[in-house]
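Colleague: I should like to go through the assignments in this model and hear the grounds for each of them.

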Amino acid sequence: GGLEPCTPTVAEDLMLSLTTGGAGGAAYGEPLAAWRGGRRESRAARPAEDADVPGFPGRVAIQPFLSAETERLAAELGLDRVDWFNVHPGAQVRAVLNLLPGSLAAGADRAELTGRMMLAARLDLAGRTPYYVMHFALEGSADGRPASRRLTVRTASSYRLTAAVGALAVDALLRGGVPPGAHFACDVLDPGAVAARIEESGAARFDLSGGDTTADGLVDEGAL
């Protein structure tokens with residue numbers, strides 16, 4: 001999560017994700033669900049309105065969410081447990097998103113909802129610098145010994161990061177580096193090469209470590 005402008009396309013994408021984007025035309029994901037014992041478990045995680053999350057400046061709200069993408073990766077990687085949280089540093093966007101499913105179910109005008117989401121993002125951003133952070137923690141064992149890895153991805157714009165990955169996918173395709181057929185980019189692109197080129201472009205920064213990460217490099221704006 002982070003603090004960013006909301007475009008009409010992003011607003012529409014959020015609304016569409018409530019009803020499509022998953023397997024067989026299902027919703028893109030399930031709030032409060034988590035991956036347990038190699039399968040989805042409903043209501044396995046709880047939200048928090050005042051949390052301290054590595055990589056994020058200040059206190060934030062967190063919302064558990066298990067997407068179809070996360071489920072697919074968890075199954076392919078053979079993970080036993082996955083917790084995914086959407087992070088909301090902005091109170092205005094959080095409030096609008098909490099009401100979004102009910103508003104759509106009640107037949108609210110989608111254009112009006114788009115305007116509300118865009119306004120909420122602008123209010124949260126007032127006097128702040130846009131940023132987006134993804135923090136990952138992997139726990140397991142190597143040779144029978146406990147092991148952990150931490151990765152924090154920081155960017156000034158998740159839109160720019162998404163565009164960079166899309167451009168690299170097209171570049172790999174044109175260079176003949178992608179086998180025939182339809183694929184998920186993560187299955188056919190070299191992750192090391194992609195990360196290196198993203199950092200070279202300035203689209204994002206990757207911090208990988210074997211321990212905890214902090215919010216170094218982020219300014220806790222608006223706080224004394």
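Colleague: Which residue stands opposite P64 in β8?

Modeller: The model is a predicted one. In it, P64 stands opposite F85 of β8. This pair belongs to the contact between β6 and strand β8 (residues 85–88), which run antiparallel and are joined by 4 bridges.

Colleague: What makes β6 and strand β5 (residues 48–51) a pair?

Modeller: Pairing requires at least two bridges between two strands. β5 and β6 have 2 bridges, in the antiparallel sense, so the criterion of at least two is met. A48 is the residue opposite I62 of β6. Strand β2 (residues 29–31) also runs antiparallel to β6, with 3 bridges, and P31 has F65 as its bridge partner there.

Colleague: Why is strand β6 (residues 60–67) called mostly covered?

Modeller: The count is 8 of 8 residues buried, and buried means under 20% relative accessible area. Both directions are included: V60, I62, P64 and L66 point one way, A61, Q63, F65 and S67 the other, and all are buried. In a regular strand, side chains alternate between the two faces of the sheet.

Colleague: How do you know that D83 and R36 form a salt bridge?

Modeller: The closest N and O atoms of D83 and R36 are 2.7 Å apart. The limit is 4 Å between a side-chain nitrogen of Lys or Arg and a carboxyl oxygen of Asp or Glu, so the pair qualifies. D83 lies in the loop between β7 (81–82) and β8, and R36 in strand β3 (residues 34–36), so the salt bridge ties together parts 47 residues apart in sequence.

Colleague: Are D83 and R36 buried or exposed, and on what grounds?

Modeller: The two are classed separately. R36 has a relative accessible area of 14%; buried means under 20%, so R36 is buried. D83 stands at 33%, and partly exposed covers values between 20% and 50%, so D83 is partly exposed.

Colleague: What makes D50, the partner of R59 in a salt bridge, count as exposed?

Modeller: D50 has 51% relative accessibility. Exposed means over 50%, so D50 falls in that class. The closest N and O atoms of R59 and D50 are 3.1 Å apart.

Colleague: Which parts of the chain does the salt bridge between D187 and R72 tie together?

Modeller: D187 forms a salt bridge with R72, the closest N and O atoms being 3.1 Å apart. D187 lies in helix α6 (residues 185–188) and R72 in helix α2 (residues 68–77), so the pair links parts 115 residues apart in sequence. R72 is buried at 18%, whereas D187, at 39%, is partly exposed. The structure holds 14 salt bridges, and E30, R40 and E71 are linked in a network of them.

Colleague: Why do β4 and β7 count as edges of their sheet?

Modeller: The open sheet has 3 strands in the order β4-β3-β7, with antiparallel pairing. β4 (39–41) and β7 each have a single partner strand, so one side of each is left without a neighbour in the sheet. β3 and β4 pair over 3 bridges, and W35 has R40 as its bridge partner in β4. α2 packs on this sheet, touching β3, β4 and β7, with its direction at about 20 degrees to that of β3.

Colleague: What makes the contact between R154 and D207 a polar contact?

Modeller: The side chains of R154 and D207 are joined at 2.4 Å, and the limit for such a pair of N or O atoms is 3.5 Å, so the distance criterion is satisfied. R154 lies in strand β10 (residues 145–155) and is buried, at 9% relative accessibility.

Colleague: Which residues form the largest nonpolar core, and which element gives the most to it?

Modeller: The core has 11 residues, V153, L161, A164, L168, A172, V178, L189, V194, I198, A203 and A204. The elements giving two or more residues are α5 (158–174) and α7 (191–201), and α5 gives the most, with 4. Beyond four places in sequence, L161 touches M134, V153, T155, I198, A203 and A204. A second, separate core of 10 residues includes L3, I62, V87 and L125.

Definitions and conventions:
Residues are numbered from 1 along each chain as its sequence is written. This is a predicted model: local features need pLDDT of at least 70, side-chain atom pairs count only at pLDDT 80 or more; totals for chains, interfaces and linings use all residues. Side-chain values use heavy atoms; hydrogens and water are left out. A nonpolar core is a set of buried Ala, Val, Leu, Ile, Met, Phe, Trp, Tyr and Cys residues joined through side-chain atoms within 4.5 Å. Buried means under 20% relative accessible area, exposed over 50%, partly exposed in between (1.4 Å probe, protein chains only). Contact means heavy atoms within 4.5 Å. A polar contact is a pair of N or O atoms within 3.5 Å; within protein, one must be able to donate a hydrogen and the other to accept it, and residues adjacent in sequence count only if both atoms are side-chain atoms. Axes are lines fitted to C-alpha atoms, for helices over the stretch in contact, and angles run from 0 to 180 degrees between N-to-C directions.
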